[in-house]
Amino acid sequence: MEKINLAKLYDLQADLDKEIAKNHGCTYESTHEKRLLALIIEIGELANETRCFKFWSNKGPSPKEITMDEYADGLHFFLSLGIPLKTEKMEYELSKNEGELTLQFHEVYRLIVDLKEHYDLAHYTKALQYYLNIVLSLGYHAEDITQAYLAKLEVNHTRQATNY
């Protein structure tokens with residue numbers, strides 16, 4: 001069973017969040033609803049790159065780099081939403097979610113709606129765990145999550161430095 005430790009990623013996300021807050025004069029409280037919506041949008045962009053729901057098309061999923069870039073965008077917002085909750089769970093065991101990928105996207109959306117309604121550690125952890133597990137259904141691994149996150153983090157810091 002694969003494991004991922006998110007401790008370093010939470011620290012890196014906290015640094016990025018501080019940079020964004022400084023550059024844009026915002027707080028976790030003032031951006032909470034926007035972060036939740038951004039998470040939903042980013043997961044939709046990931047689903048779009050997997051093409052799992054496009055029954056009308058024979059075109060396959062996007063290449064790994066593109067798919068994992070979108071996955072990393074979702075992870076950025078998941079981590080950002082976990083920071084104000086003071087999450088202490090850093091290590092997750094990955095196990096493949098049940099059902100076809102389309103249904104997994106439906107479920108992660110449902111879990112995010114639950115998180116919106118009940119913004120607490122239990123709902124957060126459940127939604128994050130499910131999202132982390134999706135990577136296995138994409139055919140990738142825990143180390144791919146970390147690599148994609150770090151690559152996107154670099155892009156996000158550059159964007160902040162260049163008035164994105």
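**Core, helix packing and individual residues**

Apart from neighbours within four places in sequence, Phe78 is in contact (heavy atoms within 4.5 Å) with Leu39, Ile43, Ile112, Tyr124, Ala127, Leu128 and Tyr131. The model is predicted, with pLDDT of at least 70 needed for local features and 80 or more for side-chain atom pairs to count, while totals for chains, interfaces and linings use all residues. Residues are numbered from 1 along each chain as its sequence is written, and side-chain values use heavy atoms, with hydrogens and water left out.

Phe78 also belongs to the largest nonpolar core, which has 42 residues; Leu75, Phe78 and Leu132 touch the most other members. A nonpolar core is here a set of buried Ala, Val, Leu, Ile, Met, Phe, Trp, Tyr and Cys residues joined through side-chain atoms within 4.5 Å. Buried denotes under 20% relative accessible area, exposed over 50%, and partly exposed the range in between, with a 1.4 Å probe and protein chains only. At least two residues of the core come from each of α1 (7-24), α2 (28-50), α3 (64-82), β2 (91-94), α4 (101-117), α5 (121-137) and α6 (142-161). The largest contribution, nine residues, is that of α5. Helices (H or I, at least four residues) and strands (E, at least two) are DSSP runs, numbered from the N terminus.

The axes of α2 and α3 are 8 Å apart and form an angle of about 160 degrees. The two helices are therefore roughly antiparallel. Axes are lines fitted to C-alpha atoms, for helices over the stretch in contact, and angles between N-to-C directions run from 0 to 180 degrees. Angles under 35 degrees count as roughly parallel, over 145 as roughly antiparallel, 65 to 115 as roughly perpendicular and the rest as oblique. The crossing of α2 and α3 is left-handed, a term for a near helix turned anticlockwise from the far one by less than a right angle, with clockwise giving right-handed. Residues of α2 at this interface include Leu39 and Ile43, and those of α3 include Phe77, Phe78 and Ser80.

The pair α3 and α5 crosses at roughly 165 degrees, with axes that come within 11 Å; these helices are therefore also roughly antiparallel. Their crossing is left-handed. On the α3 side, Leu75 and Phe78 are among the residues that meet α5, where the partners include Tyr124, Leu128 and Leu132.

Ser80 lies in α3 and is buried, at 1% relative accessibility. Beyond four places in sequence, Ser80 is in contact with Gln13, Asp17, Tyr28 and Arg35. The C-alpha atoms of Ser80 and Leu16 are separated by 9.2 Å, with their positions 64 residues apart along the chain. Lys22, in α1, is exposed at 72% relative accessible area. The C-alpha atoms of Lys22 and Pro84 are 17 Å apart, and the two residues are 62 apart in sequence.

Two residues that are not glycine have a positive phi: Arg51, at about 60 degrees, and Lys86, at about 55 degrees. Arg51 is in the loop between α2 and α3 and is buried at 16% relative accessibility. Lys86 is in the loop between α3 and β2 and is exposed, with a relative accessible area of 64%.

No disulfides are found in the whole structure, a disulfide being a pair of cysteine sulfur atoms within 2.5 Å. Cys26 is buried at 17% relative accessible area, and Cys52 is partly exposed at 27%.
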